[in-house]
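Colleague: I'd like to learn how to read a model like this one. Can you walk me through it?

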Amino acid sequence: MSANMETRRFLIYVVSLSIFLLLLSCFILFKSSTSSSLVPESVLMFMLVNNSSIVTSKPQHHALDHQQPATFVTTLIDHGKPIADTDLELIEQVEVDECLQSKEGGLLRVYMYDLPSEFHFGLLGWKGRSGQIWPDVNNGKDVPSYPGGLNLQHSVEYWLTLDLLSSNSTGIDRPRTVIRVMNSRCADVIFVPFFASVSYNRHSRRQLKEKVQTNTLLQYKLVKFLLEQEEWKRSGGKDHVIVAHHPNSLLDARKKLGAAMLILADFGRYRADVANLKKDLIAPYKHVVRTLGDNSPSFDDRPLLGYFQGAIQRKDGGFIRQELYQLLKDEKDVHFSYGSVRAHGISKAGQGMASSKYCFNIAGDTPSSNRLFDAIVSHCVPVIISDDIELPFEDVLDYSEFCIFVRTSDAVKKGFLMNLLRGISRNKWTMMWQRLKQLAHHFEYQYPSKQGDAVQMIWEAIARKVPSVRLQLHKHYRFNRADHHKD
């Protein structure tokens, strides 16, 4: 009996010792593996993304020498092999090679964040399948339309996002100006797909069950997201592009995100240290009247000399509208009256502009308005009375060829405006009218985009800003790069 007890004790001791030794060996292996520097998370994310597809295949052997670079790094990850300096050099070289490949053709390279749909198409009522972030741009029925009426005038981010989504699609006929890249380090700029204007137009009022307005909440979420991203930290946001075309959009976040390249309608409601021409862009409004095309009435077929229809009682710089109304209301060949979108106001405005030689674009609550671009597509020579206005693409377009500029101080002088317009010859007007017909397509937003339209003009304007952004970043990296290598 005692012999059996001794045997049992011996077996228990052996088993216990074996378990202890097994646990000890596992612990030692774990410590040794974590003490070495493995692949950083940012490197893992890059190397796992190769030509827009995830590398998921696991190698079946340890022969690493002849594998493709992306597979090589995946193998290192699979086998938990520490990354040596030569391996890091290989990773950097693969990154350089991919960036050089994406640079071929001279296209603007844009990285776009995959933000949840609540920031973009979800604001238009779009609901994708489970896990689907973007609508299928190859299927026209899956792309939601933008709200109509005056909402359309600030729809810039909608058209840019659609164009980016379709930039890698072979089934969509569009110009090759921009391409979406999946590696942010290969990008010239980082695009933030937040539909800020529709967020303001539709969600700036608090609903009954809401503690905070949806528009305010989305801005808070956006700021939190961006400031946590490696891309933002890397550049301080200077290479990010954010569209905030409605003058009141991004109101709560604009100061925190002011380092980014902003695409705006004007600078009327921005501080100079937040938005300025040095870093930002002015984009055209989307016109709401019908484009005339080739059927454009000439000088003799436009009975009105001047046309304005819109809000007359305005604040800030818009006081001039009231003064001009008093000066021009009794002129027989001038239409100057109050108007709105109600009672077919948009179609009536289109007819009025097409019947007039000159269309007044007068400062209102802000320096700009959609009226200028309605006039351009109506081939009605714009008369711009707005001292602080900034115009889209003015570095490549000479607006004096198809617009007339009048200082506010001159416009309010009795008789000045009418004498100026009546003194312009038929030939001079016809030259401006012909120039309008030639350039009107630069102010068209459409999907798919077309060569030289507003979408492509904006991408080209962004591309012209890239060297300046790159210069700032390279200066910033002078000493930061050395600190990075130390890390």
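Modeller: Sure, starting with strand pairing: two strands count as a pair if DSSP finds at least two bridges between them. Keep in mind that this is a predicted model. Here, strand β9 (residues 304-310) runs parallel to strand β10 (residues 334-338), and five bridges join them.

Colleague: Which residue of β10 stands opposite Gln309?

Modeller: That's Ser337.

Colleague: With which other strand does β9 pair in the parallel sense?

Modeller: With strand β11 (residues 356-362), over three bridges. On that side, Gly306 faces Tyr358 in β11.

Colleague: How should I think about the side chains in a strand?

Modeller: In general, side chains of a regular strand alternate between the two faces of the sheet. As for cover, six of the seven residues in β9 are buried, so by the cut-off of under 20% relative accessible area the strand is mostly covered.

Colleague: And the chain as a whole: how many helices and strands does it have?

Modeller: The protein chain has 15 helices and 13 strands. Of its 487 residues, 48% are buried. If you look at contacts with a separation of 6 or more, 66% of them link residues 24 or more positions apart. The accessible surface comes to about 26,100 Å², with 53% of that belonging to carbon and sulfur atoms.

Colleague: Now the interior. Which residues have the most contacts inside the largest nonpolar core?

Modeller: Ile263, Phe360, Trp459 and Ile462, in a core of 114 residues. Helix α15 (residues 454-486) gives the most to this core, with eleven residues. Apart from that core lies another one of six residues, including Tyr307 and Cys359.

Colleague: What does Trp459 touch, leaving out residues up to four places away in sequence?

Modeller: Leu108, Val110, Leu160, Asp163, Leu164, Thr177, Val178 and Phe191.

Colleague: Back to the outside. Which residues form a nonpolar patch on the surface?

Modeller: Leu17, Phe20 and Leu21 do, with about 290 Å² of accessible area together. Leu21 sits in helix α1 (residues 2-35).

Colleague: Why does Leu21 count as partly exposed?

Modeller: Partly exposed covers the range between buried, under 20%, and exposed, over 50%. Leu21 has a relative accessible area of 46%, so it counts as partly exposed.

Conventions: Residues numbered from 1 in each chain as written. Predicted model: local features only at pLDDT ≥ 70, side-chain atom pairs only at ≥ 80, totals over all residues. Heavy atoms only, no water. Helix = DSSP H or I, 4+ residues; strand = E, 2+ residues; numbered from the N terminus. Buried < 20%, exposed > 50% of the residue type's maximum accessible area, 1.4 Å probe, protein only. Contact = heavy atoms within 4.5 Å. Areas by Shrake-Rupley, 256 points an atom, 1.4 Å probe, with all protein chains shown as cover. Patch = residues over 30% accessible without salt bridge, like charges linked within 9 Å, V, L, I, M, F, W, Y side chains within 5 Å. Salt bridge = Lys/Arg side-chain N within 4 Å of Asp/Glu carboxyl O. Core = buried A, V, L, I, M, F, W, Y, C linked by side-chain atoms within 4.5 Å.
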